[in-house]
Amino acid sequence: QVEFGEGTGTTYAQKTQEDGNLVTNHTVVISKLSPSKVYHLRIISKDKAGNLGNSIDIVSITPKATENALDIVFGSLKSIFGQ
């Protein structure tokens with residue numbers, strides 16, 4: 001599970017859904033984040049016995065919004081062909 005909040009504070013206003021699978025690797029998608037904003041997050045992990053562990057606080061900036069999908073395609077083609 002990931003808990004996160006906007007800015008660099010110490011409170012986490014939101015949490016993702018918990019994944020109860022007991023594996024060592026997880027993929028978590030956090031949707032509905034605003035573009036070009038600072039967020040801080042930490043990972044919450046629980047073992048088979050129910051013991052909790054938290055990661056350190058991680059700060060990330062979401063990428064800026066793109067105008068549309070066509071701009072993404074043209075930008076990719078431009079970088080591939082170097083024009």
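Strand 1 and strand 3 (residues 38-46) run antiparallel and are paired through five bridges; pairing here takes at least two DSSP bridges between two strands. Strands are DSSP runs of E with at least two residues, helices are runs of H or I with at least four, and both are numbered from the N terminus. The model is a predicted one, where local features need pLDDT of at least 70 and side-chain atom pairs count only at pLDDT 80 or more, while totals for chains, interfaces and linings use all residues. Residues are numbered from 1 along each chain as its sequence is written, and side-chain values use heavy atoms, with hydrogens and water left out.

Within the pairing of strand 1 with strand 3, Phe 4 has Leu 41 as its bridge partner, and Val 2 sits opposite Ile 43. Strand 1 also meets strand 2 (residues 14-15), again antiparallel, through two bridges. Here Glu 3 is matched with Lys 15 of strand 2. Strand 1 covers residues 2-6, and four of its five residues are buried, so the strand is largely enclosed by the rest of the structure. Buried stands for under 20% relative accessible area and exposed for over 50%, with partly exposed in between (1.4 Å probe, protein chains only).

Strand 3 has further partners. Strand 5 (residues 58-61) joins strand 3 through four bridges in the antiparallel sense, and Leu 41 finds its partner there in Ile 58. Leu 41 therefore turns up twice, as the bridge partner of Phe 4 and as that of Ile 58. Strand 4 (residues 52-54) pairs with strand 3 as well, antiparallel and over three bridges, with Ile 44 standing opposite Asn 54. Strands 3 and 4 make a hairpin with five residues between them, and Gly 50 in that turn has a positive phi of about 90°.

Positive phi also shows up in the loop between strand 2 and strand 3, which is home to Lys 32 and Ser 36. Lys 32 is not a glycine, yet its phi is near 65°; its relative accessible area of 83% makes it exposed. Ser 36, likewise no glycine, has a positive phi of about 55°.

Taken as a whole, the protein chain holds one helix and five strands, in the order β-β-β-β-β-α from the N terminus. The radius of gyration is 17 Å, well over the 12 Å that the globule rule gives for 83 residues, so the chain is more spread out than a compact globule. That radius is taken over C-alpha atoms, and the rule is 2.2 Å times the number of residues to the power 0.38. The C-alpha trace spans about 55 × 30 × 20 Å along its principal axes. Past helix 1 (69-81) comes the segment that holds Gly 82, which counts as exposed at 64% relative accessibility. Gly 82 and Ile 44 lie 38 residues apart in sequence and 43 Å apart in space, C-alpha to C-alpha.

Buried residues account for 13% of the 83 in the chain. Of the contacts (heavy atoms within 4.5 Å) between residues at least 6 apart in sequence, 50% link residues at least 24 apart. About 6800 Å² of the chain is exposed, with carbon and sulfur atoms supplying 54% of it; areas come from the Shrake-Rupley method with a 1.4 Å probe, and for residues only the protein chains shown count as cover.
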